[in-house]
Amino acid sequence: MAKIGIVYWSMYGATYELAKAIAEGAAKDGAEVHLRRAPDPLLPDEVKAMDGVADAIDAQDDVSEATVDELPEFDGLIFGSPTRFGSPVAQLQNLFDQTGPHWQTGALVGKPAGFFTGAATIHGGHESTILSMSTFAYHHGMPIVPLGYGVAPEVQTTRGGGGPYGPTQLGDGEGLTDDERAIALAYGAHFHRIAEKLAVA
Ligand SMILES: Cc1cc2nc3c(=O)[nH]c(=O)nc-3n(C[C@H](O)[C@H](O)[C@H](O)COP(=O)(O)O)c2cc1C
């Protein structure tokens with residue numbers, strides 16, 4: 001059993017839904033999963049109060065905030081962010097930016113990393129957001145666990161989110177499609193299997 005941290009930030013709740021499905025897949029495979037929200041020192045109060053945002057933030061009330069200090073305690077880390085102009089949100093990047101001490105000590109070296117996102121349009125940046133987040137893993141020496149095409153057959157046929165780079169959702173406010181959910185579940189289990197092997201090694 002490996003200890004997996006899933007660290008995400010979500011404004012409208014779609015990335016949170018995806019995080020929960022990945023967590024469920026990992027837990028079904030026997031992982032000890034910890035869901036964490038990236039801290040948010042940035043979102044203005046008037047945005048937090050907007051329709052669709054206030055309820056989504058309330059729904060995440062029971063998810064603990066991630067801390068930089070705890071990151072090395074996990075055997076593997078999966079990071080998720082909505083797509084913002086083809087890139088991850090500043091809230092997650094802000095957490096990444098505080099991990100300099102871990103970079104200096106090599107505290108995350110060898111721990112597997114995975115990435116997921118969501119975007120409102122199909123060509124709006126799913127892949128660029130994942131690739132942009134993944135530079136974090138390169139610099140910390142974390143092996144990246146992509147999804148590929150073999151882990152979940154839905155990756156080959158979906159007309160929504162979920163691709164070889166990782167689980168994603170195509171945000172239409174209707175929640176995850178069956179394919180997106182199946183891909184997220186399969187990814188969680190796949191990631192756990194790899195984290196378990198690397199933890200033993
Ligand atoms: C400021 C802003 C920028 C966005 N940029 C993009 C984008 O580049 N491409 C896209 O397809 N969707 C974009 N979106 C839509 C979000 O990525 C999409 O709604 C996402 O599912 C929201 O995730 P959440 O529900 O976890 O907050 C943007 C939304 C906002 C508010």
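# Exercises on a predicted model

In β4, Ala113, Phe115, Thr117 and Ala119 point one way, Gly114, Phe116 and Gly118 point the other way, and all are buried. The structure is a predicted model.

## Exercise 1: strand β4

Task: State how many residues of β4 are buried, and find which strands pair with β4.

Solution.
Step 1. Start with burial: 7 of the 7 residues of β4 are buried, and the strand is mostly covered.
Step 2. Look at the two faces. In a regular strand the side chains alternate between the two faces of the sheet. In β4, one set is Ala113, Phe115, Thr117 and Ala119, and the other set is Gly114, Phe116 and Gly118.
Step 3. Take the pairing with β3. The strands β3 and β4 run parallel and are joined by 6 bridges. Here Ser81 stands opposite Thr117 of β4.
Step 4. Take the pairing with β5. The strands β4 and β5 are parallel and pair over 3 bridges. Gly118 has Gln169 in β5 as its bridge partner.

## Exercise 2: the sheet

Task: Give the order of the strands in the sheet and name the edge strands.

Solution.
Step 1. Collect the remaining pairings. β1 and β3 run parallel and are joined by 5 bridges. Within this pair, Gly5 has Leu77 of β3 as its bridge partner.
Step 2. β1 also pairs with β2, in the parallel sense, over 6 bridges. Ile6 stands opposite Leu35 of β2.
Step 3. Write the order. The 5 strands form an open sheet, β2-β1-β3-β4-β5, with parallel pairing.
Step 4. Read off the ends. β2 and β5 (168-170) are the edge strands, and each pairs on one side only. From one strand to the next, the twist averages 15 degrees.
Step 5. Add the connection. A right-handed β-α-β unit is made by β1, α1 and β2.

## Exercise 3: the nonpolar core

Task: Which residues of the largest nonpolar core touch the most other members, and which elements give two or more residues to this core?

Solution.
Step 1. The largest nonpolar core has 50 residues, and those that touch the most other members are Ile4, Ile6 and Ile22.
Step 2. The elements that give two or more residues to this core are the strands β1 (3-8), β2 (32-37), β3 (76-82) and β4 (113-119), with the helices α1 (14-28), α4 (90-97), α6 (126-140) and α8 (178-200).
Step 3. Follow one member. Leaving out residues up to four places away in sequence, Ile6 touches Ala19, Ile22, Ala23, Val33, Leu35, Arg36 and Ile78.
Step 4. Set this beside a general tendency. In soluble globular proteins, nonpolar side chains tend to be buried together.

## Exercise 4: three loop residues

Task: Are Met142, Phe85 and Pro41 buried or exposed?

Solution.
Step 1. Recall the cut-offs: a residue is buried with 20 or more other C-beta atoms within 10 Å of its own, and exposed with 12 or fewer.
Step 2. Met142 lies in the loop between α6 and α7 (154-157). Met142 has 20 other C-beta atoms within 10 Å, so it is buried. Apart from neighbours within four places in sequence, Met142 is in contact with Leu108, Lys111, Pro112, Ala113 and Ala137. Met142 and Ala186, 44 residues apart in sequence, are 21 Å apart in space, C-alpha to C-alpha.
Step 3. Phe85 lies in the loop between β3 and α4. Phe85 has 8 other C-beta atoms within 10 Å, so it is exposed. Its phi is near 50 degrees, a positive value in a residue other than glycine. Most residues other than glycine have a negative phi.
Step 4. Pro41 is in the loop between β2 and α2 (45-48). Pro41 has 7 other C-beta atoms within 10 Å, so it is exposed. From Pro41 to Gly110 there are 69 residues in sequence and 30 Å in space, C-alpha to C-alpha.

## Exercise 5: the whole chain

Task: Describe the elements of the chain, and decide how compact it is for 201 residues.

Solution.
Step 1. Count the elements: the chain has 8 helices and 5 strands. From the N terminus on, they run β-α-β-α-α-β-α-α-β-α-α-β-α.
Step 2. Compare the radii. The radius of gyration is 16 Å, close to the 17 Å that the globule rule gives for 201 residues, so the chain is as compact as a globular protein of that length.
Step 3. Add the burial: 46% of the 201 residues count as buried.
Step 4. Check the contacts. Among those between residues at least 6 apart in sequence, 77% join residues at least 24 apart.

Note on methods
Residues numbered from 1 in each chain as written. Predicted model: local features only at pLDDT ≥ 70, side-chain atom pairs only at ≥ 80, totals over all residues. Core = buried A, V, L, I, M, F, W, Y, C linked by C-beta atoms within 7 Å. Helix = DSSP H or I, 4+ residues; strand = E, 2+ residues; numbered from the N terminus. Contact = placed C-beta atoms within 7 Å. Pairing = 2+ DSSP bridges. Axes fitted to C-alpha atoms, helices over the stretch in contact; angles between N-to-C directions. Right-handed = clockwise from strand over helix to strand, strands pointing away. Rg over C-alpha atoms; globule rule 2.2 N^0.38 Å.
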